[in-house]
Each structure stands twice: as structure tokens, then as C-alpha cells.
Amino acid sequence: MKTLIIKDLSVTAELDHGAMAAVRGGYNMSQTSWYPLPSPTYGTTVDATQNLTQFQSVVNATANGSAFVNGVTANNNTSQFGQNNIAVI
């Protein structure tokens, strides 16, 4: 068992368990200001490599090799969409 000896008090007394449990020290808690509270700091490192490669090849071979065909039309409506997303929470 450890022993606590305080020699700079004006009163000398032996404390029982209850009295020792009530001992507080260091500084007066009622005069200590806790505000403003320190701001928390957070560290986040994100190292993300993303690669989006898209290829599209559209071939429209309509009436190929027909030199004397009249009124032949062809319509191509192509669409392509790509997206890379990253969420850091």
C-alpha cells in the first residue's frame, strides 16, 4: 500500500478512508473556466485513384454499294454516359 505524506499543512491529522476519498486538490474547480472549449481536430487522408475509360464505335451501313437507290435514309441517335463518384464520410 502506498503512503501519501503532506507536510506543508498547518493542521496535522490522520484521515480515515471516507476523509481521504473526499480529498480534492490541484486547483480550485469553481474558478476554472472550461469555455471556450478547445476545437476538436480531425485528420482524414484520402488517396483514391479512379479511372473511367469509354469507347463507342457506331457503324451505319445502309444501302451500301447501291449507287442508284433513291430515298434511303438512316438515323443514328447514340448516347453515352459515364460517371466516377467518391464519397468521404
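Partly exposed, the term needed for V23 below, means a relative accessible area between the buried limit of under 20% and the exposed limit of over 50%. All views come from a predicted model.

**View 1. The whole chain, for orientation.** The protein chain has one helix and zero strands. Of its 89 residues, 0% are buried. About 9500 Å² of the chain is exposed, and 51% of that area is supplied by carbon and sulfur atoms.

**View 2. V23, in the segment after helix 1.** Helix 1 spans 17-21, and V23 sits in the segment that follows. Is V23 buried, exposed or partly exposed? Its relative accessible area is 41%, so V23 is partly exposed.

**View 3. A nonpolar surface patch that includes V23.** Here V23 is joined by L4, L15 and M20 on the surface. Together these four residues, L4, L15, M20 and V23, offer about 360 Å² of accessible area.

**View 4. V46 and its contacts with I86 and V88.** Like the residue in View 2, V46 belongs to the segment after helix 1. V46 counts as partly exposed because its relative accessibility is 45%. Leaving aside residues up to four places away in sequence, V46 touches I86 and V88. How far apart are V46 and I86 in sequence and in space? They are separated by 40 residues in sequence, and their C-alpha atoms lie 10.0 Å apart.

Methods: Residues numbered from 1 in each chain as written. Predicted model: local features only at pLDDT ≥ 70, side-chain atom pairs only at ≥ 80, totals over all residues. Heavy atoms only, no water. Patch = residues over 30% accessible without salt bridge, like charges linked within 9 Å, V, L, I, M, F, W, Y side chains within 5 Å. Areas by Shrake-Rupley, 256 points an atom, 1.4 Å probe, with all protein chains shown as cover. Salt bridge = Lys/Arg side-chain N within 4 Å of Asp/Glu carboxyl O. Helix = DSSP H or I, 4+ residues; strand = E, 2+ residues; numbered from the N terminus. Buried < 20%, exposed > 50% of the residue type's maximum accessible area, 1.4 Å probe, protein only. Contact = heavy atoms within 4.5 Å.
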